[in-house]
Amino acid sequence: LSDGGEKNKQLKESQIELCRESIRELVLESREFVLLLGKLTKTGTRIPGIIEDRKSLIFLDDTKSYLYNIAEKAAERANEEGRLIDCILLYQLSEEYDTVLTIVEKLLGDFINSIDLINNRYSISEILNNIENEGESNIIKLSDNLLKIYNSSTDILSKTSIKNRINCQKLLDIFEIIKEFLIGVENNNL
């Protein structure tokens with residue numbers, strides 16, 4: 001991107017935005033979030049990805065503008081496309097932790113609501129097998145891991161509402177109650 005003075009300022013700005021949009025597209029299509037955007041360790045520390053290391057090339061001078069222009073906007077797009085697990089990961093990388101908890105609460109609530117306790121169409125072993133096999137899309141494991149990370153970092157705790165953390169934990173507790181109930185029903189049927 002050349003610096004052609006005031007006359008080319010609009011062209012330069014449109015080129016910069018096109019470049020940023022292309023990077024967001026790369027992030028969403030490749031799903032290489034850790035490599036490109038970085039990751040959050042178990043202690044709540046952010047490790048930058050290769051894009052953040054080179055953010056000055058796309059005229060982003062600080063981490064906050066990088067997080068907003070790349071990670072958060074990619075998260076918004078993933079949300080619009082219904083890619084909620086990607087959305088959670090991207091909002092987390094953009095340090096929008098309270099937004100992550102809001103989305104997790106919805107997914108947990110939907111998952112718990114989908115368990116049919118009356119007709120018990122699925123055995124607890126089928127439910128647990130599905131949870132074990134879902135990998136990163138396993139909302140129970142993901143929620144539990146996120147809460148552990150968030151609760152261990154004072155920086156993250158200050159960026160999340162206590163209400164969202166408590167709601168998330170209560171939903172996980174409800175799932176554990178349902179799981180124990182279904183195990184009891186299954187054992188009584190043997």
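Is Glu25 buried, partly exposed or exposed? Select Glu25 and show its surface. Glu25 is partly exposed, because its relative accessible area is 30%, and the partly exposed class sits between 20% and 50%. Keep in mind throughout that this is a predicted model.

**Stop 1: the Glu25 pair**

Keep Glu25 selected and add Arg77. Their side chains meet in a salt bridge, 2.7 Å from N to O. Now colour by helix. Glu25 lies in helix H1 and Arg77 in helix H4. The two residues are 52 apart, so the pair links distant parts of the chain. Arg77 is partly exposed too, with a relative accessible area of 23%.

Stay on Arg77 and add Glu81. These two residues form a second salt bridge. Their closest N and O atoms are 3.2 Å apart. Glu81 counts as partly exposed, at 39% relative accessibility.

**Stop 2: the wider charge network**

Extend the selection to Glu17, Glu21, Arg24, Glu25, Arg31, Arg77, Glu81, Arg83 and Asp86. Salt bridges link these residues in a network. The structure as a whole holds 15 salt bridges. Side chains of opposite charge can pair when their charged atoms come close.

**Stop 3: along helix H1**

Select residues 9-30, which make up helix H1. H1 has 22 residues. From its first C-alpha to its last, H1 reaches 31 Å, close to the 32 Å expected at 1.5 Å a residue.

Which residues of H1 are buried? Pick out Ile16, Arg20, Ile23, Arg24, Val27 and Leu28. Turn the view to look down the helix axis. The buried residues of H1 fall within an arc of 135°, so they line one face of the helix. An α-helix has 3.6 residues a turn, so residues three or four places apart point the same way.

Now show what surrounds that face. The buried residues of H1 pack against H2, helix H3 (50-53), H4 and H5. Then rotate to the other side of H1. Gln10, Leu18 and Glu29 are exposed there.

**Stop 4: two residues with positive phi**

Step off the end of H1 to Arg31, which follows the helix. Arg31 lies in the loop between H1 and H2. Check its backbone: phi is positive, about 60°, although Arg31 is not a glycine. Arg31 is partly exposed, with a relative accessible area of 39%. Arg31 also belongs to the salt-bridge network of Stop 2.

Next, select Phe59, in the loop between H3 and H4. Phe59 is not a glycine either, and its phi is positive at about 60°. At 36% relative accessibility, Phe59 counts as partly exposed.

**Stop 5: helix H5**

Select residues 84-93, helix H5. How many residues of H5 are buried? The count is 8 of the 10, so H5 is largely enclosed by the rest of the structure. The buried set is Ile85, Asp86, Cys87, Ile88, Leu90, Tyr91, Gln92 and Leu93. Asp86 appears in the salt-bridge network as well. Just after H5, pause at Glu95, where phi is positive, about 65°.

**Stop 6: the nonpolar core**

Hide the loops and show side chains as spheres. The largest nonpolar core has 46 residues. Which of them touch the most other members? Select Leu37, Ile88, Leu90 and Tyr150. Several helices give two or more residues to this core, including H2 (33-37), H8 (139-151) and H10 (162-189). H1, H4, H5 and H6 are also among them. The largest share, 8 residues, comes from H6.

**Stop 7: a pair within H6**

Stay on H6, residues 97-114, and select Lys106 and Asp110. Both residues lie in this helix, 4 residues apart, about one turn. Their side chains meet in a salt bridge of 2.8 Å, N to O. Asp110 is partly exposed, with a relative accessible area of 40%.

**Stop 8: two cysteines**

Finish with Cys19 and Cys168. Cys19 is partly exposed, with a relative accessible area of 30%. Cys168 counts as buried, at 0% relative accessibility. How many disulfides does a search of the whole structure find? The search finds 0.

Key: Residues are numbered from 1 along each chain as its sequence is written. This is a predicted model: local features need pLDDT of at least 70, side-chain atom pairs count only at pLDDT 80 or more; totals for chains, interfaces and linings use all residues. Side-chain values use heavy atoms; hydrogens and water are left out. A nonpolar core is a set of buried Ala, Val, Leu, Ile, Met, Phe, Trp, Tyr and Cys residues joined through side-chain atoms within 4.5 Å. Buried means under 20% relative accessible area, exposed over 50%, partly exposed in between (1.4 Å probe, protein chains only). The expected span of a helix is 1.5 Å times one less than its number of residues. The arc is that of the directions from the helix axis to the C-beta atoms. Contact means heavy atoms within 4.5 Å. A disulfide is a pair of cysteine sulfur atoms within 2.5 Å. A salt bridge is a side-chain nitrogen of Lys or Arg within 4 Å of a carboxyl oxygen of Asp or Glu.
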